[in-house]
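This report describes a single protein chain, moving from its overall make-up to its sheets, its loops and its nonpolar cores. Please keep the sequence and the structure in view while reading.

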Amino acid sequence: PLLASAHESSCIRLWSIQGNLMKELLPFAGRPSGPLTALCTDTFTKILLTGSKEGYIFRWNMASFLEDSRNIKNAIKEELCWRAHAAEVVDLFIEEEKNVVVTASVDGSVRLWHARTGYYFGFFGQARKFDLTDTSRLILPSDVSDFSAIIKEERKHTEKKKIVYPLILDRDK
């Protein structure tokens, strides 16, 4: 069992049932995540989804971490980021059988997205039926202009290198 909490600082904290902090995560996508406002997982807690005040959705893969959380090689990987709404995301959930993510915003819209790619399927209340099989058409909602970003690079912690610049007076120069 694992507890997850989302915070105003964009930080996600994972806790053991005993109340011990196991991991802290920050979005790496290079997009402004802002305060996190929604959080959900799939049934087996292998996928973690978060929604932000700026309308972004972040997808994290937690499978290897949950197998052995003590092994530092088993990291939680941010896989995907996309702009789902122009306003704050207030709720989201993943429907595993159809492989879709449903998001809701303060703007009053409820939208459907492909869970693995972030492709937009449409919004509830539209005239046409949802076509959940076609993920080749890159369409976006009218109020969003950012396509999904697949996170391929690993988070690298940069070390501060100590550089010595000796100041030597050279009278010849």
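## Overall make-up

The protein chain contains one helix and twelve strands, and the coordinates examined here are those of a predicted model. In sequence order, these elements follow the pattern β-β-β-β-β-β-α-β-β-β-β-β-β, which places the helix after six strands and before the remaining strands.

Of the 173 residues in the protein chain, 36% are buried. The accessible surface of the protein chain amounts to about 11300 Å², and carbon and sulfur atoms account for 52% of that surface. Where contacts between residues at least 6 apart in sequence are considered, 42% of them join residues at least 24 apart.

## The three-stranded sheet

Strands β1, β2 and β3 form an open sheet of three strands, arranged in the order β1-β2-β3 and paired in the antiparallel sense. β1 (3-6) and β3 (21-25) are the edge strands, and because each has a single partner strand, one side of each is left without a neighbour in the sheet. On average, and with direction ignored, neighbouring strands of this sheet are turned by 20 degrees against each other.

The pairing of β1 with β2 (residues 12-15) is antiparallel and runs over four bridges; within it, A4 stands opposite L14 in β2, and L3 stands opposite W15 in β2. On the other side, β2 is joined to β3 by four bridges, again with the strands running antiparallel, and here the bridge partner of W15 in β3 is L21. W15 thus takes part in both pairings, opposite L3 and opposite L21.

The side chains along β2 alternate between the two faces: I12 and L14 point to one face and are buried, whereas R13 and W15 point to the other and are not buried.

## Turns and positive phi angles

The hairpin of β1 and β2 has five residues between its strands, and S10 is found in the loop that connects them. Although S10 is not a glycine, its phi is positive, at about 75 degrees. Is S10 buried or exposed? S10 counts as buried, because its relative accessibility is 9% and the cut-off for a buried residue is under 20%.

The hairpin that β2 forms with β3 likewise has five residues between the strands, and in its turn G19 has a positive phi of about 95 degrees. Elsewhere in the chain, N99 lies in the loop between β8 and β9 (100-105), and N99 is a residue other than glycine with a positive phi, near 60 degrees.

## The four-stranded sheet

An open sheet of four strands has the order β8-β9-β10-β11, with antiparallel pairing. Its edge strands are β8 and β11 (120-123), each of which pairs on one side only, and the twist from one strand to the next averages 20 degrees.

Within this sheet, β10 (residues 110-114) and β11 pair in the antiparallel sense over three bridges. The bridge partner of W113 in β11 is Y120, and W113 is also one of the residues with the most contacts inside the largest nonpolar core.

## Nonpolar cores

The largest nonpolar core consists of 15 residues, and those with the most contacts inside it are L49, I57, W82, L92, V101 and W113. Two or more residues of this core come from each of β4 (36-41), β5 (47-52), β7 (77-83) and β8 (89-95), and β8 gives the most, with three residues. Apart from this core lies another, of twelve residues, among them L48, Y56, F58 and C81.

Which residues are in contact with I57, leaving aside its neighbours within four places in sequence? The residues are L49, T50, G51, L80, C81, W82, A84, V89, L92 and T103. Among these contacts, L49, W82 and L92 are also listed with I57 among the residues with the most contacts inside the largest core, while C81 belongs to the other core.

## Cysteines

How many disulfides does a search of the whole structure find? The search finds zero. Both C40 and C81 are nevertheless buried, since a residue counts as buried under 20% relative accessibility: C40 has 12%, and C81 has 0%.

Definitions and conventions:
Residues are numbered from 1 along each chain as its sequence is written. This is a predicted model: local features need pLDDT of at least 70, side-chain atom pairs count only at pLDDT 80 or more; totals for chains, interfaces and linings use all residues. Side-chain values use heavy atoms; hydrogens and water are left out. A nonpolar core is a set of buried Ala, Val, Leu, Ile, Met, Phe, Trp, Tyr and Cys residues joined through side-chain atoms within 4.5 Å. Buried means under 20% relative accessible area, exposed over 50%, partly exposed in between (1.4 Å probe, protein chains only). Contact means heavy atoms within 4.5 Å. A disulfide is a pair of cysteine sulfur atoms within 2.5 Å. Accessible areas come from the Shrake-Rupley method with a 1.4 Å probe; for residues, only the protein chains shown count as cover. Two strands pair if DSSP finds at least two bridges between them. Axes are lines fitted to C-alpha atoms, for helices over the stretch in contact, and angles run from 0 to 180 degrees between N-to-C directions.
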